[in-house]
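Please walk through this structure step by step, moving from its enclosed space to its overall build and then to the way its parts pack together.

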Amino acid sequence: MGTQERLGTRERLGTQERLVRSTQELLWERGYVGTSPKAILERAGVGQGSMYHHFSGKADLALAAIRRTAEEMQQTAEECLGGPGTAYDRVAAYLLRERQVLRGCPIGRMTQDRDVVHSPELRAPLDEMFGWLRGRIAEVLTEGRRRGELAAELDPVATAATVAAVVQGGYVLARAADATAPFDAAVQGVLALLAAQATPPVPPASA
């Protein structure tokens, strides 16, 4: 979406929604510490009074934005993990879905902010999102093992934790290299390991 289109869309939204969306964008771009109330107001195109009419301050608004981002990420992941196909197909769909890799994970980025990590309220949506993701992947793998699609020796919980860790680590490596190749390689690696546990084995998905 272009800048003008984005601005046009925002003008049609209510003040509270504009504040939340603008904060989501800024948190992803700059992190919590780098996102000032002034920047939020400018991005949303609203006055200071409007912000404090809806939220008690930056932390309150950031919490709403982080929760929204977590909900959207969960919905996107579920579209893949709850889709058709074998357990391998569904996990592969999640790993290979389109991402803005070089921007990093909008939720994972928050774990790099000291103020977020040290705030139980701001950290809670991060813990909930990652906990849900590991649990949902484990459910898919457990189902696949029960159906005979995956080896009986596969540990769904440990494998789910590995998949989640590979995605987050892949983002970090890609940003460090300023290239998507490290992320793609990490994803292909975990898919190859998962494919080896499939019954019968399936070839890893192509990049």
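How many cavities of 30 Å³ or more does a search of the whole structure find? In this predicted model, the search finds one such cavity, and the space in the largest cavity comes to about 50 Å³. Its lining is formed by Gln-24, Leu-27, Trp-28, Ala-65, Ile-66, Thr-69, Pro-106, Ile-107 and Met-110, a set that divides into seven nonpolar and two polar residues, with no charged residue. Two helices, helix 2 (15-30) and helix 5 (58-81), each supply at least two residues of that lining.

The setting for this cavity is a protein chain with 10 helices and zero strands, so that, read from the N terminus on, the elements run α-α-α-α-α-α-α-α-α-α. Taken along the principal axes, the C-alpha atoms of the protein chain fill a box of roughly 60 × 30 × 30 Å.

Helix 8 (residues 120-146) allows a check of its length against its residue count: at 1.5 Å a residue, its 27 residues should span 39 Å, and because the C-alpha atoms at its ends are 37 Å apart, the two values agree. Just after helix 8 comes Gly-148, which takes a positive phi of about 85 degrees.

Turning to packing, helix 6 (residues 87-96) and helix 10 (residues 181-195) meet at an angle of about 175 degrees, and their axes are 10 Å apart. Angles over 145 degrees count as roughly antiparallel, and helix 6 is therefore roughly antiparallel to helix 10. On the side of helix 6, the contact is made by Tyr-88, Val-91, Ala-92, Leu-95 and Leu-96, while helix 10 contributes Phe-183, Val-187, Gln-188, Val-190, Leu-191, Leu-194 and Ala-195. Sorted by class, the contact of helix 6 with helix 10 has 11 nonpolar residues, one polar residue and no charged residues.

Notes. Residues numbered from 1 in each chain as written. Predicted model: local features only at pLDDT ≥ 70, side-chain atom pairs only at ≥ 80, totals over all residues. Heavy atoms only, no water. Axes fitted to C-alpha atoms, helices over the stretch in contact; angles between N-to-C directions. Helix = DSSP H or I, 4+ residues; strand = E, 2+ residues; numbered from the N terminus. Parallel < 35°, antiparallel > 145°, perpendicular 65-115°, else oblique. Contact = heavy atoms within 4.5 Å. Nonpolar A, V, L, I, M, F, W, Y, C, P; charged D, E, K, R; others polar. 1 Å grid on protein atoms, 1.4 Å probe; cavity = no way out; pocket = protein on both sides within 12 Å on 5 of 7 lines; lining within 4 Å. Points joined across faces, edges and corners; volume = space filled by probe spheres on them. Expected span 1.5 Å × (residues − 1).
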